[in-house]
Amino acid sequence: MTPLKRSGKAVPAKKPVVENVSRAAAIPNRASELIPDSPLVGRVHPSVNVEPRKVGFKPTILLMHYTGMPSCERAIDWLSRPESKVSSHYVIDIDGTITQLVNEGMRAWHAGVSIWRGETDINSSSVGIEIHNPGHGENYCDFPDAQMQSVAALSSEIISRWNIAPEGVLGHSDVAPGRKIDPGEKFDWKCLANIGIGRWVEPEPIDEHICSHSLEPSNDDIAHVQRLLASYGYGLQVNGQLDDKVRDVIRAFQIHFRPQRADGVIDPSTIATVERLIDASNLSPAS
Ligand SMILES: [Zn+2]
């Protein structure tokens, strides 16, 4: 994709279109109260699936998703309906159009069962962006430049509005390993990090001569990787044991930081990349 600029030109700042106001009088997030948080918003489509954040919570995480649906319109519709019981603050279409569904100050329902830095109420501690992409399967595709320009521009605003640290810019797969794999290995975290959005280190190249599935990491290696990933925020115990839950977390790390191969195997490239990430990060103790 083309280099991203910090101030995106993706969406013109104009009065957003307000839609789906038929239930407006009955819902707390009604259109009349859904004033866009950003001039980049091209359209407002209020979701009923919204509530106040838990007391004392503000966003410390910017959580990226893909919609995993055939069309963006269907995703926006689904994220707004009471029966879906899901929502997000924003949806970004492939042409870069940004639709806001929930005010950033409110709690949207996008993370589900999740954990990061010991916190399990990720909905109360995050802003969620759904990026339209059909998702894994035969139609999983690159995220187009126009879409990524909007992701970058909106993310920059959200990060500065809420003072979110680079280590708080995450994918759904990071906070829900084994359950979610979005936005997936085609999402260009490196490009975003190049303009100050999120943390990225160059992954250690994979040694193709090593058959990764024959690798049997020592208990010390396992504990070392567990300790580093837990210090970054991933939800796992440090016990030197390898089980499916640990493999899920390794795979989640790889999807985000070593996207060339996300197989859940602790190989030398994975160990070196985790170490590099921790060295490059500015981690405060988990609260
Ligand atoms: Zn998701």
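Mentor: Before we start, helices here are DSSP runs of at least four residues and strands are DSSP runs of at least two, both numbered from the N terminus. Please keep in mind that this is a predicted model.

Trainee: Thanks! Then where does Arg 53 lie?

Mentor: The two strands to look for are β3, residues 50-52, and β4. Residue 53 comes just after the end of β3, and Arg 53 is in the loop between β3 and β4.

Trainee: Which residues is Arg 53 in contact with, leaving aside its neighbours within four places in sequence?

Mentor: One partner is far away along the chain: Met 106 is 53 residues from Arg 53 in sequence, yet their C-alpha atoms are 5.6 Å apart in space. Arg 53 itself is partly exposed, because 18 other C-beta atoms lie within 10 Å. Leaving aside neighbours within four places, its contacts are Met 106, Arg 107 and Ser 124.

Trainee: And how many helices and strands are there in the protein?

Mentor: The chain has 287 residues, and 46% of them count as buried. Among contacts between residues at least 6 apart in sequence, 70% join residues at least 24 apart. As for the elements, the protein has seven helices and nine strands.

Trainee: Which element gives the largest share of the largest nonpolar core?

Mentor: That core has 45 residues, and Leu 62, Leu 63, Val 91 and Leu 154 have the most contacts inside it. Elements giving two or more residues to this core include β4 (61-66), β5 (90-92), β8 (126-131) and α2 (145-162). Seven residues, the largest share, come from α2.

Trainee: How many residues are in the other core that lies apart from it?

Mentor: You can find this second core through Leu 229, Ile 255, Ile 266 and Val 274, which are among its members. Its residue count is 16.

Trainee: Let me turn to a strand. Is β8 largely enclosed or open?

Mentor: Look at its two faces: Ser 126, Gly 128 and Glu 130 are on one side, Val 127, Ile 129 and Ile 131 are on the other, and all are buried. This fits the general rule that side chains in a regular strand alternate between the two faces of the sheet. Because six of the six residues of β8 are buried, the strand is largely enclosed.

Trainee: In β8, which residue is the bridge partner of Val 91?

Mentor: Strand β8 runs parallel to β4, joined by six bridges, and there Ser 126 partners Ile 61. It also runs parallel to β5, joined by three bridges. Val 91 is in contact with Thr 67, Leu 101 and His 132, among others. In β8, the bridge partner of Val 91 is Glu 130.

Trainee: Is His 110 buried or exposed?

Mentor: His 110 is found in the loop between β7 (106-108) and β8. Its contacts beyond four places in sequence include Leu 63, His 65, Asn 123 and Gly 128, and its C-alpha is 5.6 Å from that of Ser 87, 23 residues away in sequence. A residue needs 20 or more other C-beta atoms within 10 Å to count as buried. His 110 has 24 of them, so His 110 is buried.

Trainee: What is the value of phi at Lys 85, which is not a glycine?

Mentor: In general, most residues other than glycine have a negative phi. Lys 85 sits in the loop between α1 and β5, and it is exposed because 10 other C-beta atoms lie within 10 Å. Asn 163, in the loop between α2 and β9, also has a positive phi of about 55°. For Lys 85, phi is positive, at about 55°.

Trainee: Which peptide bond is cis?

Mentor: Most peptide bonds are trans. Here the place to look is the loop between α3 (172-175) and α4, where Pro 183 lies. With omega near 0°, the cis bond is the one from Asp 182 to Pro 183.

Trainee: Finally, at roughly what angle do the axes of α5 and α7 cross?

Mentor: The crossing of α5 with α7 is left-handed. Residues making the contact include Val 225 and Leu 229 of α5 and Ile 271 and Val 274 of α7. By class, the contact has eight nonpolar, one polar and two charged residues. The axes come within 10 Å and cross at roughly 35°.

Definitions and conventions: Residues numbered from 1 in each chain as written. Predicted model: local features only at pLDDT ≥ 70, side-chain atom pairs only at ≥ 80, totals over all residues. Core = buried A, V, L, I, M, F, W, Y, C linked by C-beta atoms within 7 Å. Buried ≥ 20, exposed ≤ 12 C-beta atoms within 10 Å, placed from the backbone. Contact = placed C-beta atoms within 7 Å. Axes fitted to C-alpha atoms, helices over the stretch in contact; angles between N-to-C directions. Left-handed = near helix turned anticlockwise from the far one by under 90°. Nonpolar A, V, L, I, M, F, W, Y, C, P; charged D, E, K, R; others polar. Pairing = 2+ DSSP bridges.
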